[in-house]
Amino acid sequence: MLRQFHENTEHFLDELLRMEASAEHGKLCSCSRDVVATVRCLECHPDRLQCAECALKSHASLPLHRTEHWQDNQFVVAPLIDFGLMYHLSHDGARCPSWKDGDKNPDGHVIQVAHVNGFHAVRIGFCRCPSAPSHATQLLRARMFPGTLSKPRTAYTISLLVTFHTLTRESNLNTYDYAKALARFTDQYLPYDIKTRYDNFRIVVRFWRDLQMKLRSGQPLGLLAELPPVHQDSIALLCPACPQPGINYYPEKAGSGEAGERSHSGSEQGSSEDAASTLDGAPSSDELVSEAGSDEGAEASPAEETSGADAAAGVDETPRSDELVSEAGSDGEAEASSAEPASGTNTKIHRITLYLSMDANFRAQQKDKTNDPADFHLHPGAAYFREDSAFREYLAAVAACDRRRHAADSRL
Ligand SMILES: [Zn+2]
Ligand SMILES: [Zn+2]
Ligand SMILES: [Zn+2]
């Protein structure tokens with residue numbers, strides 16, 4: 001494959017250089033205006049030229065496309081705002097009928113919009129009807145996140161925020177480097193002349209992440225109220241594979257048979273061996289595994305290969321509710337504890353182990369920083385750290401307890 005490409009290097013170089021010019025230059029636009037076509041859009045028709053009027057018309061609702069103008073035998077960057085484009089946010093893209101002569105800002109508001117292909121100066125025509133929402137809300141409804149709530153002069157497209165959020169999770173891209181890349185997209189030669197408004201971008205990104213956590217948790221829809229009380233204030237992601245008491249594992253119903261009914265199809269397709277394993281109505285360890293894991297996980301589980309003798313023995317191996325192990329240590333500790341069961345106890349206890357652990361490396365970014373006195377936590381106590389005042393009270397109580405113990409020890 002690479003050799004094939006290499007053998008055609010000259011052809012590819014020719015084609016890339018061909019993109020820098022246009023075979024159509026000098027031709028009239030296909031419209032009836034009898035004018036030379038000189039504008040191309042790099043997003044929607046990079047190999048076709050239009051006149052300025054046609055380019056404006058075709059981009060009335062596409063203000064974030066990159067356009068170039070043919071002049072002096074070369075293409076030069078020519079943003080749509082230079083051709084007079086105004087992007088109207090309501091009334092189906094038409095100018096708001098409430099605009100009057102003599103209004104402030106008769107030419108709309110010029111806003112810097114950051115998009116996945118760089119920064120754009122966009123002339124925005126806001127709706128001025130009496131019932132119109134604020135400018136920030138109008139931008140948001142046009143899928144542009146406002147840089148500020150009051151008189152926004154900067155906005156970030158939702159596409160940009162989703163793209164950056166994905167990039168930062170998958171490739172650890174940081175905000176500063178992404179802002180620099182956007183400046184480079186905007187101007188390949190003088191990116192440092194572009195105002196990236198990095199501080200504003202950083203704040204918007206942080207708030208966006210907080211919004212995504214809350215949306216993902218189901219909190220805005222009231223779904224947390226459906227969870228057991230211990231989880232109702234938490235927007236942290238629960239491990240779907242771990243047995244969470246009251247969510248996918250019901251230790252109090254282990255003896256009533258209801259827990260078995262709650263297990264999904266992974267156990268419904270069970271054999272007679274499975275039935276034998278639930279003779280006493282309690283869920284077998286196999287069922288617990290299929291409840292907590294994915295279908296694939298259940299199918300791949302060694303439980304599928306259980307022999308009749310093993311399944312019959314499962315009656316005795318059925319885990320009790322008090323066998324639900326909560327491990328606060330590392331994986332290594334948890335594995336060590338499950339790998340050495342006490343003699344005569346369930347040897348499959350590792351299948352219903354709930355891991356409660358903290359990975360400082362990946363969650364430390366959530367901890368509030370002390371180097372900015374104006375900074376504050378966006379969801380105190382709702383994710384991976386305790387609420388600060390409650391935690392300080394706990395530390396004070398522990399310290400007082402320690403002092404009393406030391407005083408008692410010193411009297412002995
Ligand atoms: Zn276009
Ligand atoms: Zn035309
Ligand atoms: Zn209006």
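User: Why are α6 and α7 called oblique to each other?

Analyst: In this predicted model, the axes of helix α6 (residues 175-186) and α7 cross at roughly 125° and come within 10 Å. Angles under 35 degrees count as roughly parallel, over 145 as roughly antiparallel, 65 to 115 as roughly perpendicular and the rest as oblique. The value of roughly 125° belongs to none of the named ranges, and α6 and α7 are therefore oblique. The axes are lines fitted to C-alpha atoms, for helices over the stretch in contact, with angles from 0 to 180 degrees between N-to-C directions. The crossing of α6 and α7 is right-handed, a term for a near helix turned clockwise from the far one by less than a right angle.

User: Which residues make the contact of α6 with α7?

Analyst: T175, Y176 and A179 of α6 meet Y198, F201, R202 and V205 of α7, where contact requires C-beta atoms, placed from the backbone, within 7 Å. By class, there are 5 nonpolar, 1 polar and 1 charged residues. Ala, Val, Leu, Ile, Met, Phe, Trp, Tyr, Cys and Pro count as nonpolar, Asp, Glu, Lys and Arg as charged, and the others as polar.

User: What makes α5 and α7 roughly perpendicular?

Analyst: The axes of helix α5 (residues 158-171) and helix α7 (residues 198-217) cross at roughly 80° and come within 11 Å. That angle lies in the perpendicular range, so α5 and α7 are roughly perpendicular to each other. L161, F164 and H165 of α5 and V205, W208, R209 and Q212 of α7 form this contact, which divides into 4 nonpolar, 2 polar and 1 charged.

User: How do you know that β2 and β4 are edge strands?

Analyst: The open sheet of 4 strands has the order β2-β1-β3-β4, with antiparallel pairing. Each of β2 (45-50) and β4 (74-77) pairs on one side only. Pairing requires at least two bridges found by DSSP between two strands. Strand β1 (residues 39-41) is joined to β2 by 2 bridges, and C41 has H45 of β2 as bridge partner. On β1's link to strand β3 (residues 67-71) there are 3 bridges, including the one between V39 and H69 of β3. β3 and β4 pair over 4 bridges, with E68 and V77 of β4 as one of the partnered pairs. The twist averages 30° from one strand to the next.

User: What lies between β3 and β4 in their hairpin?

Analyst: There are 2 residues between β3 and β4, and D72 in the turn has a positive phi of about 55°.

User: Why is D92 called exposed?

Analyst: A residue is buried if 20 or more other C-beta atoms lie within 10 Å of its own, exposed if 12 or fewer, and partly exposed in between. D92 has 6 other C-beta atoms within 10 Å and is therefore exposed. D92 is placed in the loop between β5 (86-88) and β6 (109-115) and has a positive phi of about 55° although it is not a glycine.

User: Why does R143 count as partly exposed?

Analyst: R143 has 13 C-beta neighbours inside 10 Å, so R143 counts as partly exposed. R143 is in the loop between α4 (135-141) and β8 (144-146), and has a positive phi of about 65° although it is not a glycine.

User: What conventions apply to the numbering and to this predicted model?

Analyst: Residues are numbered from 1 along each chain as its sequence is written, while chains are lettered from A and ligands numbered from 1 in the order in which they are written. Local features need pLDDT of at least 70 and side-chain atom pairs count only at pLDDT 80 or more, whereas totals for chains, interfaces and linings use all residues.

Methods: Two residues are in contact if their C-beta atoms, placed from the backbone, lie within 7 Å.
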